[in-house]
Amino acid sequence: MRLKILLCCVSFAAGLTSVAHATDDPRISFRDALTAAWANDPVRRELATNSQSADARAEAAKSWFAGGPILTGSYYDDRAAGTNLGYITWQGGVSVPLWLPGQGTATERVAEADSRAALSRVDVERMAVAVRVLEQAGTTVLAQRRVVVGRALVKSFEHIVALAARAQARGEISTVELQAVTAQLSDARGEVAMAETARTDAVGRLRTLLGIAGVPDLMAADPRWLNRIPMGDTRQIEERDPRVQAAHRTVMAAQEQMRLARASYMPNPEVGVGAIDQGQYGSPWATQVGVNIRVALPSDVTNTPQISAARDRVAASDRAEIEARRAVHDELGQVMARLTGTREALLQSRTSASQTMQRADAMEHSWMRGETPLIEALRARTDAWRSLLALNQAEVAWSSAIVRIGISTGTLP
């Protein structure tokens, strides 16, 4: 009887090595997952609209005039004054605002800079989407593996409980030992229930993110991907980072805004034509046509706020660029350190899982010979199960670290 129990536990130990590849959900490539998540991202539409709006402003800035035509009209007569002698005057005109020197070019450059900044924010959002997909995919894969491992443990304990119950009926083991095995089975079933809840939640969140069903195959991450990364030239990697590029283009847009503010040192002058039609008793003329010019002189009341706002924008963008560069530098160091750390953790987890599994087998052999209580053998088997979970977590972390550094360096296949 005890030999059958031992063979059952050994079979369970052998089966644990293959549960990492089992799955209940369809697998898709990480690249396909990124494509789906990007197509499902609402921010993408907003950024596309921002870029189109900036392009439209740049095109509008190519106009010959600083604004649309201005129409004016007036009517006067003497009836309101009570004289009613027939003094009637009609007056009308049309004028257009003129660009100040360099103002039109500066306006166009501001719009073009804003368009480039909007396009760079698209790359930033794409990178953020990739990171979100990676994190959620890692959570989902780990939850799936936890369910599979837990189910295998439950199946093994169910068999052991059945065999132990028969042994207890024949007096080969005590009631206390049977209770211990039953308690372990209950704990394993509780773990599976929690794992299934976590998996359902993770799969739902991933589907919301991707917009399609499927789990990215993180375990397909090949360490050979690391050969694409120029590890010795981190400065170049940082310069290519979308966040640094976006921050720098925002600085350039702010500088163009400063040039525009300086070119707009006064309100735009207006020039146009006008006509006056007069119906007055005894007047030798009735209609006059001429040119009108309107020029508002510079004033600190209107100019200073524009310059100050543009200066504040430049200062804020400079600060944001410095912070972005620091954040990218620190993050790159972290992902590289994580790559090294997860690799070492994976090696140690493999050793730990192998050793604890061998220990569990040895404890069962010892129990077979009557040298070890059943509770100790069960505890050893539970420790082996925890080590296997740690191994699965280390494998997911290692694959995720490979994908993460590919995202950070722009070398993702």
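Hi everyone. Before we look at threonine 411, one definition: a polar contact here is a pair of N or O atoms within 3.5 Å, where, within protein, one must be able to donate a hydrogen and the other to accept it. Please keep in mind that this is a predicted model.

So, threonine 411 sits in the segment after α9. Its side chain makes a polar contact with the side chain of threonine 409, at 2.8 Å. Is threonine 411 buried or exposed? With 13% relative accessibility, threonine 411 counts as buried, because the cut-off for buried is under 20%. Leaving aside residues up to four places away in sequence, threonine 411 touches Arg228, Ile229, Ile405 and Gly406.

Next, helix α2, residues 30-39. Its buried residues are Phe30, Ala33, Leu34, Ala36, Ala37 and Trp38. What covers them? The cover includes β1, α3, α4, α5, β4 and α9. As a general reminder, an α-helix has 3.6 residues a turn, so residues three or four places apart point the same way. Tryptophan 38 also has arginine 126 lying over the face of its ring, 4.4 Å from the ring centre.

Last, the aromatics. How many aromatic pairs does a search of the whole structure find? The answer is one. The partners are tyrosine 75 and tryptophan 90, with ring centres 4.5 Å apart and planes at 55 degrees, so the pair is tilted. Tyrosine 75 belongs to strand β2 and tryptophan 90 to strand β3, so the pair ties together parts that are 15 residues apart in sequence. Tyrosine 75, at 35% relative accessibility, counts as partly exposed.

Thanks for listening!

Key: Residues are numbered from 1 along each chain as its sequence is written. This is a predicted model: local features need pLDDT of at least 70, side-chain atom pairs count only at pLDDT 80 or more; totals for chains, interfaces and linings use all residues. Side-chain values use heavy atoms; hydrogens and water are left out. Rings of Phe, Tyr and Trp (its six-membered ring) pair if their centres lie within 6.5 Å; planes under 30 degrees apart count as stacked, over 60 as edge-to-face and the rest as tilted. Helices (H or I, at least four residues) and strands (E, at least two) are DSSP runs, numbered from the N terminus. Buried means under 20% relative accessible area, exposed over 50%, partly exposed in between (1.4 Å probe, protein chains only). A charge sits over a ring if NZ of Lys or CZ of Arg is within 6 Å of the ring centre and within 35 degrees of the ring normal. Contact means heavy atoms within 4.5 Å.
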